Amino acid sequence: MTATATGDEWWRRAVIYQVYPRSFQDSNGDGIGDLPGLIDRLDYLNDGTPGSLGIDAIWLSPTFPSPMKDFGYDVSDYLGVAAEFGDLETMDRLLAECHSRDIRVLLDYVPNHTSDQHPWFLEARASRDNPKRDWYVWRDAKPDGSRPNNWRSAFGGPAWTFDEATGQYYLHSFLKEQPDLNWRNPGVVQAMHDVLRFWLDRGVDGFRIDVMGMIVKHPELADNPPNPNWVPGGSDRMQHLWVNNRNYPDVFEAVRGIRGVLDEYDARVAVGEVFGSAEEIGKFYGEAALNGLHLAFNFQLIHESEPFNRYTPWDATALRRIIENAEAALPPGAQPCYAIANHDRSRFISRNNHDGRGLERARASVILLMALRGTPFVYYGEEIGMTDVEIPDDQLQDPARFRSFGRDPARTPMQWDTSPGRGFTTGRPWLPFGPETINLESQLQQDDSLFALYRRAIWLRKDQESLYRGVFQHIDLDDDVFAFKREWPGARSILVIINTAIEPRSVVLPEGYGQVLLATRREAEGRPVAGSVVLPGLAGMWVARA
Ligand code: NOJ
């Protein structure tokens, strides 16, 4: 099949929902979410009516057998399903149940590293002359006995661990239990392509690809240069610029190879987790956006630069800078891809709550996310206003748990109702619950809940060609109002206005815009407007041409 950027692919219109399987729905009382549980909740995600959330696809964080040192991002068998989540048959059932509801399914492909318990690594570390040795990255110590280079693990500490038995270091960009695969070895490429085919043959619709930009490193594993912005006492992983082990130019050949495998099938999608500037993100789409990833995440609405816990403020100037940069850097045909939350970062409300008004900003973020050009991703629980949950020290689970980066708070179980197990489990949840008041049942009882806003936005978007297909044009209205138009020939033009100040702002509407389609407060919807509107503090709306 030849790939063409027709603009009609399903994923260009889709809203994709990230399920963290451990935390979505437990069906057997072990306190850990699982696939049968998820199947039971599919109607919530999309039952074909506007009473459901209405998403078009789910991305499941890793579901493969794993020692769970990094909760599934340490895969010990790419071709199976972790016993605590189900088995291959349950996965097949999930695919069938999703497809019968028009929900596509993306799995999480983890190509940079395996678990140290993966049979490939067990073989590789058995002896220096094992045929699998070169499937991983092994080096001798330097003559002075020090580590092969200065690379740091993303979780802190050196990226090298010494293997006593065979007398060499192996590379791990994350935990020492996550050895990096050597994508310069053709056997690895072949085996990892076959992993994709295995799942594509089973009917999976695509993949989210873990740390796509890291899989091919500098051929000589050269040291990284010092980071001029690093301050003594700052995170050790920031001491150097990640240029020889991230977004290294050779990685794009591996990207093309992965795209080639997906192109053997119809209508599949690859969305890469990538980090870097808007220009660097743009490169992952390939030449003319035809031979790279279909989508590459832009996380800048969460954090613009490292350290990753310095979050992007909810501020019109920042929003404008981020979106305009992204629009300018992407090659023609490339579709942006934004997330405002995920399993690695603080939840939206919590990181925007310095004045207690995080929920209002979350409402405005829906107005933004669902109107931007691109494929929006929604992290489970964001739609019901879940917040970071403080985890007592003795219940911490995340291996990357040092204070600035612990990810447990944003991974707590979905809160469906007010029952002791929150509708999530009949047992003891693997992480503690958040406040009882935050749950789906209560959202459904409220007249104008965050969930209701998500639902309206997602369903409205499906009918507005200018939103899922149209061009983006920024409009200057007020320093505190992020405003843009979305337009497509023959479709209704939509103006999006978002006041990020806490005081009201009066804005003069461009000619012709007269009907409020969606607003942070439902009472404003449906109203005719003309000339100018007063946007309350932190409010936003979609205004259609009358
Ligand atoms: C990025 C994933 O999102 C994160 O959760 C994981 O720990 C690392 N990659 C390593 O796989």
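**Exercise 1. Into the main sheet**

How many bridges join strand β1 to strand β11, and do the two run parallel or antiparallel? Place the pair in its sheet and find the edges.

*Solution.* Bear in mind that this is a predicted model.

- Start with the pair itself: β1 covers residues 16-19, β11 covers residues 375-379, and three bridges join them in the parallel sense.
- Pick a residue to anchor the pairing: Y17 stands opposite V378 in β11.
- Now zoom out. Eight strands make up an open sheet, and reading across you get β9-β8-β7-β3-β2-β1-β11-β10, with parallel pairing.
- The ends of that order are β9 (295-296) and β10 (337-339); each has a single partner strand, so one side of each has no neighbour in the sheet.
- Finally, look for a helix on the sheet: α6 (residues 186-202) packs there, touching β3 (104-109) and β7 (206-209). The direction of α6 makes about 160° with that of β3.

**Exercise 2. One tyrosine, step by step**

Describe the setting of Y379: which strand holds it, and is it buried or exposed?

*Solution.*

- Y379 sits in strand β11.
- Its relative accessible area is 1%. The cut-off for buried is under 20%, so Y379 counts as buried.
- Leaving out residues up to four places away in sequence, Y379 touches Q18, Y20, A341, N342, H343, R347, A410 and R411.
- One of these neighbours also offers a polar partner: a polar atom of the Y379 side chain lies 2.7 Å from the backbone oxygen of A410.
- For a sense of distance, take L359: Y379 and L359 are 20 residues apart in sequence, and their C-alpha atoms are 16 Å apart in space.

**Exercise 3. Around the ligand**

How many residues surround the ligand, and which are the closest?

*Solution.*

- The count is 13 residues, with D70, D210, H343, D344 and R407 the closest.
- Check H343, which also touches Y379: an N or O atom of the H343 side chain is 2.8 Å from an oxygen atom of the ligand.
- Do the same for R407, where the distance from a side-chain N or O atom to a ligand oxygen is 2.9 Å.
- For E273, a side-chain N or O atom is 3.4 Å from a ligand oxygen.

**Exercise 4. Finding the cores**

Which residues have the most contacts inside the largest nonpolar core?

*Solution.*

- That core has 154 residues, and the ones to name are Y17, L45, I58 and W542.
- Try I58 as an example. Not counting residues up to four places away in sequence, I58 touches I16, Y17, V19, L38, L45, C98, I103, R104, V105 and L106.
- There is a second, separate core of 17 residues, including I497, V516, A519 and V543.

**Exercise 5. Antiparallel pairs**

What is the strand order of the three-stranded open sheet, and which strand pairs with β15?

*Solution.*

- The order is β4-β6-β5, with antiparallel pairing.
- β4 (138-139) and β5 (160-163) are the edge strands, each pairing on one side only.
- Four bridges link β5 to β6 (residues 168-171), and D163 has Q168 as its bridge partner in β6.
- For β15 (residues 505-508), the antiparallel partner is β17 (residues 532-535), again by four bridges. S506 stands opposite V534 in β17.
- Side chains in a regular strand alternate between the two faces of the sheet. In β15, R505 and V507 point to one face and are buried, whereas S506 and V508 point to the other and are not.

Conventions
Residues are numbered from 1 along each chain as its sequence is written. This is a predicted model: local features need pLDDT of at least 70, side-chain atom pairs count only at pLDDT 80 or more; totals for chains, interfaces and linings use all residues. Side-chain values use heavy atoms; hydrogens and water are left out. A nonpolar core is a set of buried Ala, Val, Leu, Ile, Met, Phe, Trp, Tyr and Cys residues joined through side-chain atoms within 4.5 Å. Buried means under 20% relative accessible area, exposed over 50%, partly exposed in between (1.4 Å probe, protein chains only). Contact means heavy atoms within 4.5 Å. Two strands pair if DSSP finds at least two bridges between them. Axes are lines fitted to C-alpha atoms, for helices over the stretch in contact, and angles run from 0 to 180 degrees between N-to-C directions. A polar contact is a pair of N or O atoms within 3.5 Å; within protein, one must be able to donate a hydrogen and the other to accept it, and residues adjacent in sequence count only if both atoms are side-chain atoms. A residue is near a molecule or strand if one of its heavy atoms lies within 4 Å of it.
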